[in-house]
Amino acid sequence: MKTLHVLSRSLASLLALAAAGYAAGDGNTDAPRKPARAMWVTTEALYNRAEIERLVATAAAYDFDALFVQVRRAGDAYYVSAREPYSRKLEGQPAGFDPLAETVRLGRLFGIEVHAWLNVNYVWPGPDLPAAPTHVARRHPEWISVGRDGRRMTGYSRRDLGRADAEGWYVDPAEKAFADYFAAVAAEVAANYDVDGVHLDFVRYPNYRFGYGEKARRRYMEERGAPDPQLLGFHKLDDGIFRPALGAEGLADRWYDLRQLEWLDWRADQVTRIVAATGKAVAAAKPGVTYSAAVWANPEHAYRYVGQDWVRWYEDGLVDVIIPMTYWGDADKLGALASRLEGCRPGHAGVYLGVGTFNHGELYTAETVAGLAGAPVDGVVLFDYDSCWAKPGVLPALVRTCPKEKPPCP
Amino acid sequence: MPLNRRFRLLVAAAALMSAAARAATLAVVDGVPITDADVAAATGGDLAGERLRVAVDKLVERQLILEIAERKGLAATAEEVNRAAALAAKAYGPNRDTSPGQFRRHLAEEITISHYIDLYIYPRIPTDEATVKAWFVQKAPSFMEKAPRTRAAREEEYPRYRNEAQYYYVRSEIARILGEEAAAARKSARVKVYVGG
């Protein structure tokens, strides 16, 4: 790690000179386009100015094109906002310290795109209330999701949250007012900062166990003319739906299956509504800004478990770039997913693949990225900067193996 | 005849017999045949013996329930079938178990039966708290693994299991009523089963 520290410091000073001449676009639009090389950067790298300088210098040293920088982690802001509370993690920093502004300023200097990464439905780790009175969970506790056991997440202990496989409190995606609220949060960032993109994460349900608030259920029953989804709470839909149901018991299960499909579709619509509304608000605030979302990699799992119908977002162009988080797959699987998305189809979103560096050995990333050479992806995003820093072999290996050009569209 | 030619003929004959066996009619319900291709589609494998007999019996029951639903004029529309097929594909990816035609056919039948349950079965099931609780305390099935064993404990811990109990209760009631209706229909239907004792 020490070697990397020294390397990045010396390279930073050299690159500062080189970057001074770098223009955001060189005007040569006919040049072959290499897949974008990007990293997700969590808030830990934004706690002070020195960390941000180290971040951008490292990204420049290893020829990164873009940084997805987490500036809304848990309903708090790592920027100056009129809508959300300034993060308490930044207490003690000089007055006016604005991590997003600083990252954008340095990113411009080095020709590195900066995308503002906003966690959407996940708003607080719980189980205690956030201290800031302006936090969304304090202003609108009624928006926090309700489990199928009828309890709101705000009443869950740490143990309850763990047993329910939830990272913390989520706003229920079916809460209509939240879609407008979050769209305004994202538009504020796009309008006030010279960011290259707005990037959504945690835009989803925590999992299938949540989203059973009375208001949501009532709206579902009205809109779909269906029975109370509470009734479906323990029904495990599986791919047996492709086989004829056997006997009275099988048909009873199938009755549930068909209702479950409807409920899943409605839930996915709630998430999609947030994505669409936010995209519209961001585009209005800053035309041309890149709008992207990180999603669960397996499209069917994403749809069933957390309500992410991201193939629809991709196909309908609701986002400019879709980023499946393929942390657990090998290169072949990632390539297959990229091919399935047919990233070259006009009118569709671009595809970046998220590659995990936090959960693999140092050479894994390099091998994985090298394995993507033939896949029609538009970019690779590493998760995350901190783990790259902790494993000094990752970045040099990546430089050697990252595809130099995107394969031509068929 | 050379040995290898005789062997090839034997293999061809076996294949023909196997194909004939696959198309064999195992039961007939009011003129509608149930073949072992239907069993294979429903179970995913070639069954024999008791397991085959049980599967055929369930397919007969399915056909009888379908006929009841069809007599009520509740046939699924093409639009409903398209929608359900699209939602299933979204949730599980491309159909892997049966051909698209076969899948759409059984889906249409199941949507028809589902309409019947919506209109004639589900409304007959009392779902008030007292009924569900009584069912849970007295009959909570063994597959509700975490449910307390004793009635007294179930009585006390019911609030924790309320939703789960409601789900299993409604499911078992739908199955019970459908089963009874199929059994009643079977008395007047023309049913012939060619497997088992």
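**Close-ups of chain B and its contact with chain A**

**View 1. Strand 1 meets strand 3 in chain B.** Strand 1 (residues 25-29) and strand 3 of chain B run antiparallel and are joined by three bridges. One residue to look for is Val29(B), whose bridge partner in strand 3 of chain B is Val191(B). Keep in mind that everything shown here comes from a predicted model.

**View 2. The whole sheet of chain B, with a helix on it.** Zoom out a little and you get an open sheet of three strands in the order 2-1-3, with antiparallel pairing. So what holds neighbouring strands together in a sheet? Backbone hydrogen bonds do the pairing, in either a parallel or an antiparallel way. At the edges of this sheet sit strand 2 (32-35) and strand 3 (191-193) of chain B, and each of them pairs on one side only. Going from one strand to the next, the twist averages 20°. Helix 2 (residues 36-43) of chain B packs on the sheet, where it touches strand 1 and strand 2 of chain B. The direction of helix 2 makes about 60° with that of strand 2 of chain B.

**View 3. Chain B from end to end.** Count the elements and you find seven helices and three strands in chain B. Follow the sequence and they come up as α-β-β-α-α-α-α-α-α-β. Chain B has 197 residues, and 28% of them count as buried. Take the contacts in chain B between residues at least 6 apart in sequence: 66% of these join residues at least 24 apart.

**View 4. Where domain 1 touches domain 2 in chain B.** The domain assignment splits chain B into domain 1 (21-71), domain 2 (73-124) and domain 3 (126-183). The C-alpha centres of domain 1 and domain 2 of chain B are 18 Å apart. Here, seven residues of domain 1 are in contact with ten residues of domain 2 of chain B. Which helix gives the most to the domain 1 side? That's helix 3 (residues 49-71) of chain B, with five residues. By type, the domain 1 side has five nonpolar residues, one polar and one charged.

**View 5. Chain A up against chain B.** In this view, 32 residues of chain A are in contact with 38 residues of chain B. On the chain A side, the elements giving two or more residues are helix 8 (247-285) and helix 9 (299-306) of chain A. Helix 8 of chain A has the largest share, 13 residues. What is the chain A side made of? It divides into 17 nonpolar, five polar and ten charged residues.

Definitions and conventions: Residues are numbered from 1 along each chain as its sequence is written. Chains are lettered from A and ligands numbered from 1 in the order in which they are written. This is a predicted model: local features need pLDDT of at least 70, side-chain atom pairs count only at pLDDT 80 or more; totals for chains, interfaces and linings use all residues. Domain bounds come from an automatic or database domain assignment. Two residues are in contact if their C-beta atoms, placed from the backbone, lie within 7 Å. Helices (H or I, at least four residues) and strands (E, at least two) are DSSP runs, numbered from the N terminus. Ala, Val, Leu, Ile, Met, Phe, Trp, Tyr, Cys and Pro count as nonpolar, Asp, Glu, Lys and Arg as charged, and the others, Gly among them, as polar. A residue is buried if 20 or more other C-beta atoms lie within 10 Å of its own, exposed if 12 or fewer, and partly exposed in between; C-beta atoms are placed from the backbone. Two strands pair if DSSP finds at least two bridges between them. Axes are lines fitted to C-alpha atoms, for helices over the stretch in contact, and angles run from 0 to 180 degrees between N-to-C directions.
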